Amino acid sequence: MDSTDDVSQKRAELERCLPGHDGRDVALCRLAAALYNRFKNEQEMDDLNEAITLYRAALELRPAGHPDRALSLHDLAQCIADRSPQEPPASDVDEIILLEHEAVLLLEHGDPVRDACRRRFAAYVQLRAGRVAMKAASDAADLDVKQRIRNAVFDVLYTMPTRLLHTGTGILCNRDAQVSDFMCSERCERLVSLCKTCNRDQQIEHIRTEISKHFQYVMLSHRWGKGEPSLHDIEGQNIYIMSPTGGIGKLQGFCVVARERDYLWAWSDTCCIDKQSSAEVQETIGSMFAWYRQSTLTAVHLSDVPDTCSFENSEWFRRGWTLAELLAPRTVLFFTQNWSLYKNITSSNHKTEVTVLEELERATGIESRFLTDFSPGMGDARLRLQWASLRRTTLPEDIAYSLFGLFNIHLPIHYGESAENALGRLLAEIISNSGGLSVLDWVGESSPFHSCFPAHITSYRRLPAPPPQPIADEWSSAIIQGFSLFEVLRNLCSSLATSLLPRFLSRPIALLIDAHRVLATQQQTPDSCGPSDVDDFRSPTRAPHSEIFTRPSRLLILSCIAYHVIMVQLKRADPSTPSCTYDIQASGLMPLEITLPSKLEDVTRLPGTLHLVRPWYSKLLAPFTPSGGAATGKQLFSALGSPFHALLLTELPHNEHRRIASSTPITAQPIGRASILKSKVRMFHVV
């Protein structure tokens, strides 16, 4: 009978044996055998694959104990072996071994079919053993490459967030899962193959490139709302199948946005941090600015901005943490409440869109040059504090913590401390490490942390600028007349160049250690400064051990150009309000007037106990050097003769001082050339 006719006949028999029929297993095997025979004649792979399928179905109807099970096992193994006779895949080899092994166990000794099963079983066991040996040799050759890849993965991940959402699976992955994801990926397999053809330097370049591409991630910036998911809410779950209520819906939308742009990883501050671990919270706050800076994209979700509205009034611009989230990333996209691109602007980076930048400037008060190219550090310190002064945080101390990244500062996080203490620690670090005197330029309530620091960051909102110097050229020419320009500049610069970097000291150690430093400074002070112009602790009786523990614990060593207050007079007090206006006269300054919300403490103090001071640091002289000629000289005299924001200091026991009257701006101006030429630097110990 023709093989095709035989297949047709056996197929008709099977169709008559419906599922559940007692002879269906026989009909399946008969059709499979007919198809296999036709395959042997015509080499049609469809026949072989159908035969394999039929034999598998027959085995299901011939469970263990069935008299014909062994034969079916052997026939199925034969078909699988013929599917790839030259290079059978490992899965086929493993299956053939299992099938023939079971058949051998079922058949009696001496059965010729059993002998055939044993021969194929032995042949495929030997084939697998040879492959294992070859793979072991290949693995040994690959081991060095794979280890370098693994090490490079850890190096890249070291600077990235510890946990990331996998946008493909919706699963939160820790560091181990991230490493495993790459090492088991097709990208890694291709990389291993590529590295086999490269030298060591080329390998390093390819490895870095591929790993960096794989771990590109997107950061979420948003305003927290109700029902935000925590780490423990989503750990081990697929976020895409969770109920899209509250923060889960926002998280799903964020991951979809990232995935649509072919980014595999995403980070959100709601669920990617274990907030029960103080160490992890500390690490996250210390690293967050860098994470946003390294991100491939930061997606800003504006939950209060409909599709057709401007974002300028969004609450996102009033929150403390979002300041760093705006400045740190290089690439930002803004999304409205339903995750549509803001104003349908399809640019890959909204920071490059002129219209968006103009709106951002209006919404934040930040110039576009900072928005597009911000550098963390302590430069422009007061300007950065001013940006933050318009914002607020849920936890008061967070307003300081949110600024650590902007200033590239790493300090301990102490949740539960007062906002004044947190802000004070930040400002102390800035002024001690940079000499940034602009942080002392504020108006408002003084902090219990230190009298030179504000209690609230809102005190850094813009101060009124001092009035301009009207006749700078006349000042300069009058001063210089009759003097050698070089001598005037040399003497003035010499007298102003003795200032040291402002620094904070913590007592009791501070007082003991600083004594030697103050002595050294005293010896270097120009002769024109009297003994009282530089404070010191030369005598042990000035700082007895019994008093060290009772005085304020934070001491600011501050260099200033000082003006002795010689008169303070209450000018008027408005009975209807608590404000009081005072006339103040200080040697070397024009008379000035200040209005305070309450009376000054004991204005009848002896002369010299109050000082109006101009904080000074020798770096301020950098633009003004004697070699600069007449033009530079005029600039220096103009700068020193211009109005400035003064601090009012009152003297305390032990030659220490405290800032008072901080609730109003004090604008002071030197009287004339004599006052400027007598400018000296004095060190104050301010508490």
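1. Is Leu-570 buried, partly exposed or exposed? Leu-570 counts as partly exposed, because its relative accessibility is 36%, a value between the 20% and 50% cut-offs. The model is a predicted one, and this applies to every point below. Leu-570 sits in strand S8, which covers residues 554-573. Its C-alpha is 8.9 Å from that of Ile-584, with the two positions 14 residues apart in sequence numbering.

2. Salt bridges. Side chains of opposite charge can pair when their charged atoms come close. Over the whole structure, 26 salt bridges are found. One of them pairs Lys-40 with Asp-82, with 3.8 Å between the closest N and O atoms. Lys-40 belongs to helix H2 and Asp-82 to helix H4 (residues 69-83), so this salt bridge ties together parts 42 residues apart in sequence. The two partners fall into separate accessibility classes: Lys-40 is partly exposed because its relative accessibility is 44%, while Asp-82 is buried because its value is 17%.

3. Helices H5 and H6, first pair. Arg-128 and Asp-94 form a salt bridge through their side chains, at 3.1 Å from N to O. Arg-128 is in helix H6 (residues 112-158) and Asp-94 in helix H5, and the pair links distant parts of the chain, 34 residues apart. Arg-128 is partly exposed because its relative accessibility is 35%. Asp-94 is also partly exposed, because its relative accessible area is 31%.

4. Helices H5 and H6, second pair. Arg-120 and Glu-100 form a salt bridge in which the closest N and O atoms are 2.7 Å apart. Here Arg-120 is in helix H6 and Glu-100 in helix H5, so parts 20 residues apart in sequence are tied together. Both Arg-120 and Glu-100 are buried. Elsewhere, Asp-144, Arg-148 and Arg-200 are joined into one network by salt bridges that share partners.

5. Ala-103. Helix H5, spanning residues 90-106, also contains Ala-103. Ala-103 is buried, because its relative accessibility is 0%. From Ala-103 to Ser-72 the C-alpha distance is 8.6 Å, although the two are 31 residues apart in sequence.

6. Negative patch. Asp-2, Asp-5, Glu-42, Glu-44 and Asp-46 make up a negative surface patch. Among them, Glu-42 lies in helix H2 (residues 24-42). Glu-42 counts as partly exposed because its relative accessibility is 47%. Helix H2 therefore holds both Glu-42 and Lys-40, the partner of Asp-82.

7. Arg-682. Strand S16, residues 681-686, contains Arg-682. Arg-682 is buried, because its relative accessibility is 10%. The side chain of Arg-682 makes a polar contact of 3.5 Å with the side chain of His-611. That distance sits at the 3.5 Å cut-off used for such contacts.

8. Backbone at two asparagines. Asn-344 is not a glycine, yet it has a positive phi of about 55 degrees. Asn-344 is in the loop between strand S6 (332-335) and helix H14 (354-364). With a relative accessibility of 63%, Asn-344 counts as exposed. Asn-408 likewise has a positive phi of about 55 degrees without being a glycine. The loop that holds Asn-408 runs between helix H17 (398-401) and helix H18 (419-434).

How values were computed
Residues are numbered from 1 along each chain as its sequence is written. This is a predicted model: local features need pLDDT of at least 70, side-chain atom pairs count only at pLDDT 80 or more; totals for chains, interfaces and linings use all residues. Side-chain values use heavy atoms; hydrogens and water are left out. Patches are made of residues with over 30% relative accessible area and no salt bridge: like charges are joined within 9 Å, nonpolar side chains (Val, Leu, Ile, Met, Phe, Trp, Tyr) within 5 Å. Accessible areas come from the Shrake-Rupley method with a 1.4 Å probe; for residues, only the protein chains shown count as cover. A salt bridge is a side-chain nitrogen of Lys or Arg within 4 Å of a carboxyl oxygen of Asp or Glu. Lys and Arg count as positive and Asp and Glu as negative; His and the chain ends are not counted. The place of a charge is taken as NZ of Lys, CZ of Arg, CG of Asp or CD of Glu. Helices (H or I, at least four residues) and strands (E, at least two) are DSSP runs, numbered from the N terminus. Buried means under 20% relative accessible area, exposed over 50%, partly exposed in between (1.4 Å probe, protein chains only). A polar contact is a pair of N or O atoms within 3.5 Å; within protein, one must be able to donate a hydrogen and the other to accept it, and residues adjacent in sequence count only if both atoms are side-chain atoms.
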